[in-house]
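Please walk me through this model in the viewer, stop by stop. Tell me what to select and what is there.

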Amino acid sequence: MKTSFLAGLLSVFGGLLTSLHAQTIELKPVWETDTTLRTPESVLFDPTQKILYVACINGGPSLENKSSYIAKVGLDGKVIQLKFTDNLNSTKGMGILGDKLYVTEMTQVAEIALSSGKILNRYAIPGAKFLNDISIDPQKKTVYISDSGESKIWALTNGKINLVLEGAPLKGTNGLLVDNNQLLIGNGDGSLLAMNPATKQLKTIGKATGGIDGIVALGNQKYVITEWGGKIWYVQADGKTELKLDTSAEKINSADIAYDPGSQLLFVPTFFHNTVKAYSLK
């Protein structure tokens, strides 16, 4: 009886360990683009066309830089069109709503036709200093925008700009993601926040060591987040964070990421390293 009982306990314990281990992920390099993507800051996966858009600052993030561009890249890492849209101002975060691509410039948001790459509109953000990321709520047809310089969150809906959130605990606000009826916010202090859009209430759901640049959802309230300096974290549903990759010593950055759930590929722009890297998440 005792031997059988002990064996049963060991079996259950072993199963729990296996289950816990299965909850984690591993990053394995798959490909890297060439270096024609100059200062890539953000990658966006387009599930309809099965391609990537890459926002390239192509220089420094300043008001004077008007040479930024958006490239089209295949899921094999080959550049399809280097300058799908060019003459942009320090491009960063992107999002797709309908047949339009939205991208932040320093103080405004550019609206681009997906069919042609032509700039259709520009929406100025009042008092903006350093617009950064974008995330889309397709049901509300809302484009959320972060201003890292002012620590504010804005919304663009039907051509109108509205302030969503400002003040503490927001600080150096960057990464955004609409998921699970919440707006996730990557804070400058490393906190991954979740905002209820109806009440504007915030809660902390995870923690990194530095400002959060990119956020992607893996499903079941699990996420991958990045720090610009070169760290990639896995956030479990209970908020536990695991450091999965750290290339900061090599000075290879990890900026605003994208994820293809079909192929389970994570796409990481390396900023000053001038490439996009793809990793499998298994």
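The tour below goes through a predicted model, one selection at a time.

**Stop 1: the core**

Start with the largest nonpolar core, which has 15 residues. Select Trp 31, Leu 37, Val 43, Leu 52, Val 54, Phe 267 and Val 276, the members that touch the most others. Now color the strands behind them. Strand 2 (40-46), strand 3 (51-56), strand 4 (68-74), strand 23 (265-269) and strand 24 (276-281) each supply at least two residues of this core. In soluble globular proteins, nonpolar side chains tend to be buried together.

Stay on Leu 52 and show its contacts. Leaving out residues up to four places away in sequence, Leu 52 touches Trp 31, Val 43, Leu 44, Phe 45, Ala 71, Lys 72, Val 73, Gly 74, Leu 75 and Phe 267.

**Stop 2: an acid without a salt bridge**

Select Asp 256, in the loop between strand 21 (241-246) and strand 22 (258-260). Asp 256 is buried, yet has no salt bridge. Where is the nearest side chain of opposite charge? It belongs to Lys 92, 11 Å away. Draw a distance to Ser 42 instead: its side chain and that of Asp 256 make a polar contact of 3.0 Å. Beyond residues up to four places away in sequence, the contacts of Asp 256 include Glu 41, Val 43, Asp 133 and Asp 213.

**Stop 3: an enclosed strand and its hairpin**

Select strand 10, residues 131-137. 7 of its 7 residues are buried, so strand 10 is largely enclosed by the rest of the structure. Add strand 11 (residues 142-147), which pairs with strand 10 in the antiparallel sense over 5 bridges. At one of these positions, Asp 137 has Thr 142 as its bridge partner. The hairpin has 4 residues between the strands, and Lys 141 takes a positive phi near 50°.

**Stop 4: backbone oddities**

Two residues to check on a phi plot come next. Thr 39 is not a glycine, but its phi is positive, about 50°. Look for Thr 39 in the loop between strand 1 (27-32) and strand 2. Its relative accessibility is 8%, so Thr 39 counts as buried.

Asn 87 also has a positive phi, near 60°, in a residue other than glycine. Asn 87 lies in strand 5 (residues 79-88). Is Asn 87 buried or exposed? At 56% relative accessibility, Asn 87 counts as exposed.

Then select Ala 168 and Pro 169. The peptide bond between them is cis, with omega near 10°. Pro 169 sits in the loop between strand 13 (160-166) and strand 14 (176-179).

**Stop 5: salt bridges**

How many salt bridges does the structure hold? There are 7. Select Glu 26 and Lys 244, whose side chains meet at 3.6 Å, N to O. This pair links distant parts of the chain, 218 residues apart: Glu 26 is in the loop between helix 1 (2-22) and strand 1, and Lys 244 is in strand 21. Glu 26 is partly exposed, at 42% relative accessibility.

Move to Lys 129 and Glu 150, which form a salt bridge of 3.2 Å, N to O. Lys 129 is in the loop between strand 9 (119-124) and strand 10, while Glu 150 is in the loop between strand 11 and strand 12 (152-157). Lys 129 counts as exposed at 52%.

Finally, add Lys 152, which meets Glu 150 in a salt bridge of 3.8 Å, N to O. Lys 152 is buried, with a relative accessible area of 16%. Include Glu 166 to complete the picture: shared salt-bridge partners join Lys 129, Glu 150, Lys 152 and Glu 166 into one network.

Methods. Residues are numbered from 1 along each chain as its sequence is written. This is a predicted model: local features need pLDDT of at least 70, side-chain atom pairs count only at pLDDT 80 or more; totals for chains, interfaces and linings use all residues. Side-chain values use heavy atoms; hydrogens and water are left out. Buried means under 20% relative accessible area, exposed over 50%, partly exposed in between (1.4 Å probe, protein chains only). Two strands pair if DSSP finds at least two bridges between them. A nonpolar core is a set of buried Ala, Val, Leu, Ile, Met, Phe, Trp, Tyr and Cys residues joined through side-chain atoms within 4.5 Å. Contact means heavy atoms within 4.5 Å. Lys and Arg count as positive and Asp and Glu as negative; His and the chain ends are not counted. A salt bridge is a side-chain nitrogen of Lys or Arg within 4 Å of a carboxyl oxygen of Asp or Glu. A polar contact is a pair of N or O atoms within 3.5 Å; within protein, one must be able to donate a hydrogen and the other to accept it, and residues adjacent in sequence count only if both atoms are side-chain atoms.
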